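Reader: Before accepting any description of this model, I should like to see how each term is justified.

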Amino acid sequence: MPEKVLVYSRFPKALMVRIGERYELLDAAGKPPNETFSAEQLSGIRAMITAGGTPLSANTMDQMPKLAAIVCYGTGYDGVDLAAVAKRNIVLGHSPGANAASVADIAVTLMLAATRRLLVADDYVRSGSWAGAKPSPMMRPQPGMLRRKIGVYGMGEIGRKIAARVAAFETEVGYFSRSQHDVPYQYFPTLEALAEWCSVLMIAVRAGSDTHHVVDANILNKLGKDGYVINIARGSVIDQQALVAALTDQTIAGAGLDVYAREPHAPDALTALPNVVLSPHIGGHTLESHVAMQDCVMANLEAYFAGKPLSYAVKLG
């Protein structure tokens, strides 16, 4: 008999076929498990799969008394109640670096689209304004990438790939992270110092209590009227209200966002602004990334059910 695994978050069915070939999947489809399955069905569950950003509380874990392994589909695990995990001695796994290349790609895409005002330019052509030679202040020449100062906040797998990509555009690259790394980029001791130096701030830091709203009105002010902020991390890292204000009053020049405070809801205040480029949290949404994340999930589940340490474990504490 195959082992039973609870699927907590809502995932496309096609993505779960491979895992379903190896395990019996109980798909909660994003609902509390006890709304979909009986207490008897949940009583034997020892492992579950979740998206790292999906809230996973102690109460939900308590619905599965034998739960001993939580495997996050993706690199993040900010939605998981870590205190509850530690209290119950649950092992926690994730998919570190599996989608790093894809997320770095979307970060650069958002940067170029925002700084070169690509959406405005697209509309200028589609609306007939270009053919009609209609003047538009939004079509004025903008600074290019050459010698532009790019600040990367977070120098993990994704941050490193972003830095390598933007360096290829002949930019200057600086970074701030919790510790200094052996990388060929200028290190700044604080986020404030990085924001003051750069003209594009790339947010690639892990979400958590220490980074909640860390990019606030003060940081945006330091970025300045010619500055752009690109966020491919988590919506919680930016004070979204402060960002809307900074974009509206032109404290900063623009933004490129793949993540938001309350997904899948981007506030109307953002969607109405012409100096913002928005995408629906698709940074890691490529075929290659999904295969790599599935590989990590499979490796973690196989290790757990074999009584071995998780292949890609989150180190708590």
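Author: The exchange below takes up the cavities, a pocket and a sheet in turn.

Author: This is a predicted model, in which local features need pLDDT of at least 70 and side-chain atom pairs count only at pLDDT 80 or more, while totals for chains, interfaces and linings use all residues. Residues are numbered from 1 along each chain as its sequence is written, and side-chain values use heavy atoms, with hydrogens and water left out.

Reader: What makes a set of points a cavity, and how many cavities of 30 Å³ or more are there?

Author: On a 1 Å grid over the protein atoms alone, a cavity is a set of points where a 1.4 Å probe fits but cannot get out. Points are joined across faces, edges and corners, and a volume is the space filled by probe spheres set on the points. By this rule there are two cavities of 30 Å³ or more; the largest has a volume of about 70 Å³ and the second largest about 40 Å³.

Reader: How do you know which residues line the largest cavity?

Author: A lining residue has an atom within 4 Å of a point. The lining of the largest cavity has 13 residues, with A113, A114, R117, P274 and N275 nearest its centre. α7 (118–126) is one of the elements that supply at least two residues, and it gives the most, with three.

Reader: Which residues line the second largest cavity, and how do they divide by class?

Author: Its lining consists of N231, G235, I238, Q240, L243, L257, V259 and Y260. Ala, Val, Leu, Ile, Met, Phe, Trp, Tyr, Cys and Pro count as nonpolar, Asp, Glu, Lys and Arg as charged, and the others, Gly among them, as polar. The division is therefore five nonpolar, three polar and no charged.

Reader: Why is a pocket not called a cavity?

Author: A pocket is an open set with protein on both sides within 12 Å along at least five of seven lines. The second largest pocket has a volume of about 360 Å³. Of its 18 lining residues, R117, Q142, K225, Q250 and A253 are the closest to its centre.

Reader: Why are β2 and β5 said to stand at the edges of the sheet?

Author: Strands are DSSP E runs of at least two residues, numbered from the N terminus, and helices are H or I runs of at least four. Two strands pair if DSSP finds at least two bridges between them. The open sheet has the order β2-β1-β3-β4-β5, with parallel pairing. β2 (24–27) and β5 (91–93) each have a single partner strand, so one side of each is left without a neighbour in the sheet. Four bridges join β1 (residues 4–7) to β2, which satisfies the rule for a pair.
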